[in-house]
Amino acid sequence: MNDKMFLRLIGQNEKTQLQTIIACNQYTKKFGLSLTEQDVLVLMNDRKSSLKEQERIEFGEGILPKLIFAFCDSPYIYQENYVDVIGRLQDIFYYYKNESMDELSDDELLDYMKELFDGKCEGSLDYLEETCLEHISREIRAGRQGFTGGDTDEF
Amino acid sequence: MNFSEEEILQLLSDRVRKYTSNESSSVSYEKARQLMGSILFCMEDAQSCSQNNEKKLTLFHKKMNAKEAFEVGLNKKKVKIKETQKLFETIMKTFCTYQNQCYYDTIIKGMPGFFKTYDVEYNAQNHILTLDYPLITAPSLNLKGIDLIYEYLKRTWIEQCFLSSFSYDNILDILKNYHKKHEELIFNICRVVFRNAIGCVLLDKSIYELMIQCDERELLKRLGDSKNVAELEAILIEAFERMLNLHFNNNQEYFVYFLNEIKDFAFEIKSNAENNHLDKIFLGSTTVEPQNQVIYKDGSPMEDEKLRELIDGLSQIRFLTEKLDMIKTQVKSLEDLKEVLKECFFDEEFLNVFALLSTNEIEVLKEEIIQKIEYNEELEEWEIAFKKEMITRESKNKEEKRSIT
C-alpha cells in the first residue's frame, strides 16, 4: 500500500466537505464569523499539507467542522483573523495528535485547546502550541494520568 | 480475488473508525499501514479458503465483496488461533528445553506472551516474537502472524517427538560434547541428536546410545573419504529410511521434515572428513577436552584514592626492597598490582615483582597477555618484561628436563 493510495482517499468527497464547512456559517454567523468558498478551499488545502507533513491520514469529513464549532465563540477570534486562526489551529491539532501518541481523542484534544486558548493563552497561538500543549503531551508520553477529560488549571 | 482500491480503502476507513472507537478522525500513516496490512493478511486467507474448500467455492462464485472476504479471513484466523493454542498446550505437556536458554525463552516464555498480546483484529500480520530458537527446517519466510506461529509450533512438535525417543541423559551428554556452554548457545538440539543417531545407524549400533566413540569415528571418516557428496547423500537417506523403519514405524512426517537436513549433512561429513574434524558432527565422550583452566579468585581492589596514595608513595621510595615490602603488605589484588607495575617499576625491577607472584597469579597474567597479543593490543612495558621472563623460564625448564633424561 503506497502513500499515493492513502492520499487519494483524503482527496475524496471534497465537494461534500466544502458544503459541510460552508454550512457551519449558519451557526457561526451569530458570532460574527463566516467563511467564503475561497476561505474554505484555503483551509482544505492547509489540511492536506498539514496531514501530509504530520504523516497522518484522515477519513470522513475531517476535523475542520468540529474545530469551527469549538472555537467560533472564542473572544479572541473575529472575522479578520478567523481563517488564519482556524488554519493554524488545524495545524496545531494534527501536530499534537502525533505528539500525544494518539492517546487523546479528537474531542479531548479540542477541549484542551479551547480551554487553554481562551484561558491561560489569552488567544496566543504561539503560547498554546509551544508551551501549554507541549507540556500536556510531554505528560502523556511520560504516562502520567489525568489528561483525559480532566481540568487544565495547573497549566 | 481482485478488489478495487476504493473497496479496500472503504474497508480501511471502516476499520480505522472501529479501531479509534470513532473518537479520532485521523490516524498516523504507520497505524494506517498496520491496519491495511492486517486487512490484506486476512483477505489472503479468505482467498486460499475459497480456493481450497469446495463449500466455500460457491461463496467465491457469488463474488464476495472486500468486506465479506475480510470477515471470512478474520474468522479463519480466529479459528487458527484456537488450533495453535491447542497445539501449544499439547507441546507443553511434554516439552523439554534440554537446558537450552534460547529454547526456554522462545517457547516457554515467548509463546504465552504471544497469545496474550496477539491482536488478530487490527494487527493480524504481526507475530510479535522473533522466534530465536532455530528449527531444522525453518517455516517459509512468506508466513506471517498466526500462520507463522502455527507452523513454527508444528515443527517444534515434530522435533520434540523425535527427541523424546532418546534418553534425556544421553541427549545431555551429547550436548555437553557439542559445546561446554551448550545452555547458552543458539543452535538446534534436534539436528545434533539426529546426526548422531544417523551415525549410529551407519555404524550398525543402537541409535539410542547416541554417543560415537573415537574408533567408530575413524570408520565414519573412511566412509566420508571414500565417497563423494552425492553418494554420501544416498547412503544417508538409506540409513535414515532404515532408522525410520526400525524405530519410528516408518513415520513419513519425520521423513519429509528431516530430508532437507540430509543434503547439508552429507556435505558437512565430506568436508569434515577431509579436514579431520568429524568429531564436530559425530559427537562422543572421547571428545571432551581436558579441563586445565586456572580457577583463580582475585582479592578485592582498593579504592581509587588509596591506590593513588600508594602509587605516589612508591614513586618516592628509592630502594627496591622497601618498594617490594610495601607491595607485599598493601596490594591485595592483581588489578592493583597491574596499576602499580605500570606506574612505579622499571626495567630490572619487574623481575623482582614477578618473583612475588604465585603460580595461579602467573597463569592468569599469562592468559591475559596472550589474549592481548591475539587481539593485537599494545603491551605495557611490564607486560613485555613478563613475556620475556616467561619465555626464559620455559626454556630453563626444558633444559632441566633434558639434562634429567
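In this predicted model, helix α7 of chain A runs through residues 106-118. Its 13 residues carry the chain 18 Å from the first C-alpha to the last, close to the 18 Å expected at 1.5 Å a residue. A good part of this helix is hidden from solvent: D106(A), L109(A), L110(A), Y112(A), M113(A), K114(A), L116(A) and F117(A) are buried. An α-helix has 3.6 residues a turn, so residues three or four places apart point the same way. That spacing can be traced in α7(A), where D106(A), L109(A) and L110(A) are among the buried residues, as are M113(A) and F117(A). The cover over these buried positions includes three other helices of chain A, namely α5 (64-71), α6 (82-99) and α8 (125-141).

Chain B offers a buried residue with a charged partner to look at. E261(B) belongs to helix α11, residues 252-274 of that chain, and it counts as buried, at 2% relative accessibility. Its side chain is joined to that of R195(B) by a polar contact of 2.7 Å. Leaving aside residues up to four places away in sequence, E261(B) touches I136(B), R191(B), F194(B) and R195(B).

One of those neighbours, F194(B), leads into the aromatic residues. Together with F162(B), F166(B), Y208(B), F240(B), F248(B), Y254(B), F255(B), Y257(B) and F258(B), F194(B) forms one aromatic cluster. Over all chains, the count comes to 31 aromatic pairs. An edge-to-face example is the pair of F248(B) and Y254(B), whose rings lie 5.3 Å apart, centre to centre, with 75° between the planes. Both of these residues are buried.

Rings in chain B also meet charges. The charged end of K77(B) sits over the ring of F41(B), at 3.9 Å from the ring centre. A second case involves K323(B), whose charged end sits over the ring of F345(B), 5.0 Å from its centre.

What about the cysteines? How many disulfides does a search of the whole structure find over all chains? The search finds zero. C132(A) shows how this comes about: the nearest cysteine sulfur, that of C121(A), is 3.7 Å away, while a disulfide requires two sulfur atoms within 2.5 Å, so C132(A) is in no disulfide. C132(A) is also buried, with a relative accessible area of 3%. In chain B, C200(B) is likewise in no disulfide, and the nearest cysteine sulfur, belonging to C190(B), is 14 Å away. C200(B) is buried too, its relative accessible area being 0%.

Terms used: Residues numbered from 1 in each chain as written. Chains lettered and ligands numbered in written order. Predicted model: local features only at pLDDT ≥ 70, side-chain atom pairs only at ≥ 80, totals over all residues. Heavy atoms only, no water. Phe/Tyr/Trp six-rings, centres within 6.5 Å; stacked < 30°, edge-to-face > 60°. Buried < 20%, exposed > 50% of the residue type's maximum accessible area, 1.4 Å probe, protein only. Lys NZ or Arg CZ within 6 Å of the ring centre and 35° of its normal. Helix = DSSP H or I, 4+ residues; strand = E, 2+ residues; numbered from the N terminus. Expected span 1.5 Å × (residues − 1). Contact = heavy atoms within 4.5 Å. Polar contact = N/O pair within 3.5 Å; in protein donor to acceptor, adjacent residues only side chain to side chain.
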